[in-house]
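Let's take a friendly look at the pockets of this protein. The sequence and the structure come first, and a short report follows.

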Amino acid sequence: MSINTTLSKIIILLFLYILAMFLLPSGLFQLLIVYSIWIIGYDLLYGVMGWLSFGHALYFGIGGYVTALFIKFINPNPYLALVAGVAAGLLAGVIFAPIFLRQRGAYFALINLAFNAVLYYLFLIPLSSISGGFDGYMIFYSTTFLNPSNPMSISIFGIIIFTLIVMIYIISTESFFGTLIRALNSNEIRLRFLGYNVFRYKTLVFMMSTGISALAGAYLVLAQQYINIYFLDPNLSAEILLADLIGGPGSLYGALLGATIFSVVKLYLGWLPVPWEVTLGLTMLMVILLLKGRGIYNALNDYYQSLRRHKNYV
């Protein structure tokens, strides 16, 4: 992909998110940023490389808790705390990769879920003095630019982080590296025969995914100045998976569309007489039945491409 095309993608997304920052309530916009960052990290692993994970709340929670603990006990500087949270997510990727990536398919998905559940219950009961349990705890920080009393500064900071993550995603997926990791999804054995160290590439993608997921958790802690055990809730792992499936896995626009739909459904449909999870489940059911599991964006893109081919043929 050319540099101009890459820049145009970034500019379009940046314009849309800046517009959303002024149109949406600060709480909804910051939630949108969180899910947008997290879903990009998740889509690298699932949508691009094709490895399904049921336990990505593990890395989201690690990033959140390390950031909160860093501010509370080490240094109230939010930027250093954010770096510490991302570093913890990357370290988790390094530690777990030799164990998790030896598994495949459902085993890989479930071993992530198993570790997520173990850490959740450890933090809920034996380590509740650290995690705060269900009650959680507040954190306090303030800098010249990043000030919790000014929601706009938190939102602008989120846009900066989001832009960097979008650049990483585009460069990773549209380069030769992206071709290799997509090939891991379609024909890993052939890559081995060609002499590529597939485990090294899988580890790198896994680390990118865990690091970006941790970044999303770290940003949410800074945005709401609060953390509790919910950050590690295994149900969150299902949420990010459903968001990716609704929008369309394997594409940047599809993933971000899923994050947008999910954020709106989660925040605004709580007033309905049925829980928002029911609405989300019905939406997911329609996506699977009507769009054959391709996601909204991928289905629309396929339809558009078929119209173009038909027009060219005529």
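Which elements each supply at least two residues of the lining of the second largest pocket? In this predicted model, they are α2 (26–48) and α10 (198–224). Of the two helices named, α2 gives the most to that lining, with six residues. If you want to find the middle of the second largest pocket, look for Leu 31, Val 34, Leu 220, Gln 224 and Tyr 230, the lining residues closest to its centre.

Now to the largest pocket. Its lining draws two or more residues from α1 (3–23) and from α12 (252–268). The largest share, six residues, belongs to α1. Nearest the centre of the largest pocket you will find Leu 13, Leu 16, Tyr 17, Leu 256 and Thr 260.

Here are the two pockets together, with volume and lining size:

| Pocket | Volume | Lining |
|---|---|---|
| Largest | about 290 Å³ | 13 residues |
| Second largest | about 250 Å³ | 14 residues |

What about chemical class? The lining of the largest pocket holds 12 nonpolar residues and one polar residue, with no charged residues. For the second largest pocket, the lining has 10 nonpolar, three polar and one charged residues.

To place these pockets in your viewer, start from α1 for the largest pocket, as this helix gives six residues to the lining, and from α2 for the second largest, where six lining residues also come from the helix.

How values were computed
Residues are numbered from 1 along each chain as its sequence is written. This is a predicted model: local features need pLDDT of at least 70, side-chain atom pairs count only at pLDDT 80 or more; totals for chains, interfaces and linings use all residues. Side-chain values use heavy atoms; hydrogens and water are left out. On a 1 Å grid over the protein atoms alone, a cavity is a set of points where a 1.4 Å probe fits but cannot get out, and a pocket is an open set with protein on both sides within 12 Å along at least five of seven lines; lining residues have an atom within 4 Å of a point. Grid points are joined across faces, edges and corners, and a volume is the space filled by probe spheres set on the points. Helices (H or I, at least four residues) and strands (E, at least two) are DSSP runs, numbered from the N terminus. Ala, Val, Leu, Ile, Met, Phe, Trp, Tyr, Cys and Pro count as nonpolar, Asp, Glu, Lys and Arg as charged, and the others, Gly among them, as polar.
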